[in-house]
Amino acid sequence: MNVKRMLLGLIITVPIIALLVAGLGRDPRLIPSPLPGNPAPDFSLPVLETAGNFTVQEPGPGEVVDLSSLRGEVVVVNFWASWCLSCRSEHVPLSRLAEHYANQDVHFFRILYNDRPENASRLIQSMGGQSYPTLLDTRSGTAIQYGLTGVPETFFIARDGTVAHKQVGPTSHELIMQWVDRLLAQEWDGEAAADPGSPAVRGGVTEGM
Amino acid sequence: MRSLHWLAVGLPRISLGASRKVVPWAPSRGRTGLGGMLLAGCLMMGFALLQPLAAAEQAGQAPPGPGSQPPPQTVIPDPDQFEASAPTDDAQLEAQVQRLARQLRCPTCQALSIADSPSELAREMEGVIRLRLQEGMTPEEVRQSFVNAYGEWVLLSPEPAGFNLLVYILPVAVFLLGGGIVVVGMRKWLRNPSEGPLEVERAPPAP
């Protein structure tokens, strides 16, 4: 075969095959987040009333939680809804870990997304209460500030107020512990770079580090 | 038409060598024939593939890792709960809201803008646009606030910079190249119709 024809054929087909491989290897449902490595959007949200017994945290039902007042402490924010089955599986690990870290500089919050407060309260009570507060975001303004695309999604916020990690999909006991321990030990350097040693691949889709 | 002639430079040698006698639409002398059409087709296909890739690239999208899980649930079953800011009587404000909503991608839909999507999240995002404009933010500030939260992915039209430029340049380039191939081929064929495809169907000379 003519060498020139072969070369031309390769020039045409190789880029197309490369494009196919690159394009078909992507998950179009995975939406990247620019938040890891950047300051967490501040929120000031009321605590859901009758949301169980907060055994580990100060704010009571009806009080307002202001994220900016928690600088210097690690914050775990979990977006959820009572109609979300995956969110229910996170209830026990989050509640237990909130108790586990009760005497350390860690705050756990759940933010209710697109759900009726009474439905959330009923579910929390049916699951034996919750050791930390659920906050109300009635117009989803905070959810949109955090680039929410669905629930559950969990954000790990470092002491300096930077989003260290975003967990899309259900999280796990191990993943939460690893991130919280890491942030408590201030091992996170504030960069949203790839870190092969991070616990990122344990739970759902990971973003950030 | 002559100005397009340069586009065909290099093409005369790309014929695949198939016999013109079995390719009745092949132009005379087989120079810009099957190979040219193949090239044009490949370029078209490459462009079609590049468009979504460019959009993904501009958002820095990474392929899912081996431990990837399905994305979170996005079903919103309780429409009564929706409390987003409702449309107002201010026509100018609503026009601005719609203009911005048409530029922003609905996160829970397939290639739909917020303005076109019936999803609850899209309605809430539209409400947030309205609220932010009412609070005094400029349309550009509102647009940027969504980019800050969702990344450039949220823009339906990627910014014309860097790799994204391909999305804007390639269609024109492919159109010009394809048009040039067609024009050059047609001109050659019209100039020498006796050597065109009909030649293969001509009856053999009488003995």
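## A walk through two helix crossings and some rings

In chain B, helix 2 and helix 4 cross in a right-handed sense. Keep in mind as you go that this is a predicted model.

**Stop 1: the chain B crossing.** Select residues 91-103 of chain B for helix 2 and residues 139-150 of chain B for helix 4; their axes lie 11 Å apart and the packing angle is about 35°. Now show side chains. From helix 2 of chain B you want B:Gln96, B:Leu100 and B:Gln103, which meet B:Pro139, B:Val142 and B:Arg143 of helix 4 of chain B. Colour that contact by class and you get three nonpolar, two polar and one charged residues.

**Stop 2: a charge over a ring in chain B.** Stay in chain B and pick B:Arg132 and B:Phe146. The charged end of B:Arg132 sits over the ring of B:Phe146, at 5.2 Å from the ring centre.

**Stop 3: the chain A crossing.** Hop over to chain A and select helix 2 (residues 85-100) together with helix 5 (residues 173-184); the axes of these two come within 10 Å and cross at roughly 35°. What is the handedness of the crossing of helix 2 and helix 5 of chain A? It's right-handed. On the helix 2 side of chain A, light up A:Pro93, A:Leu94, A:Leu97 and A:His100; on the helix 5 side, A:His173, A:Ile176 and A:Met177 complete the contact. Sorted by class, the residues of this contact of helix 2 with helix 5 in chain A come out as five nonpolar, two polar and no charged.

**Stop 4: a charge over a ring in chain A.** Next, select A:Trp179 and A:Arg182. Here the charged end of A:Arg182 sits over the A:Trp179 ring, 5.1 Å from its centre.

**Stop 5: the aromatics.** Over all chains, the count of aromatic pairs comes to seven. For one of them, zoom in on A:Phe79 and A:Phe155: the ring centres are 5.8 Å apart and the planes stand at 80°, so this pair is edge-to-face. Planes over 60 degrees apart get that label. Trace the backbone from each ring and you'll find A:Phe79 in strand 3 (residues 74-80) of chain A and A:Phe155 in strand 6 (residues 153-157) of chain A, so the pair ties together parts 76 residues apart in sequence.

Are these two rings buried or exposed? A:Phe79 has 0% relative accessibility and counts as buried. A:Phe155 is buried as well, its relative accessible area being 0%.

Finally, add A:Phe43 and A:Tyr146 to your selection: with A:Phe79 and A:Phe155, they form one aromatic cluster.

Technical notes: Residues numbered from 1 in each chain as written. Chains lettered and ligands numbered in written order. Predicted model: local features only at pLDDT ≥ 70, side-chain atom pairs only at ≥ 80, totals over all residues. Heavy atoms only, no water. Axes fitted to C-alpha atoms, helices over the stretch in contact; angles between N-to-C directions. Helix = DSSP H or I, 4+ residues; strand = E, 2+ residues; numbered from the N terminus. Left-handed = near helix turned anticlockwise from the far one by under 90°. Contact = heavy atoms within 4.5 Å. Nonpolar A, V, L, I, M, F, W, Y, C, P; charged D, E, K, R; others polar. Phe/Tyr/Trp six-rings, centres within 6.5 Å; stacked < 30°, edge-to-face > 60°. Buried < 20%, exposed > 50% of the residue type's maximum accessible area, 1.4 Å probe, protein only. Lys NZ or Arg CZ within 6 Å of the ring centre and 35° of its normal.
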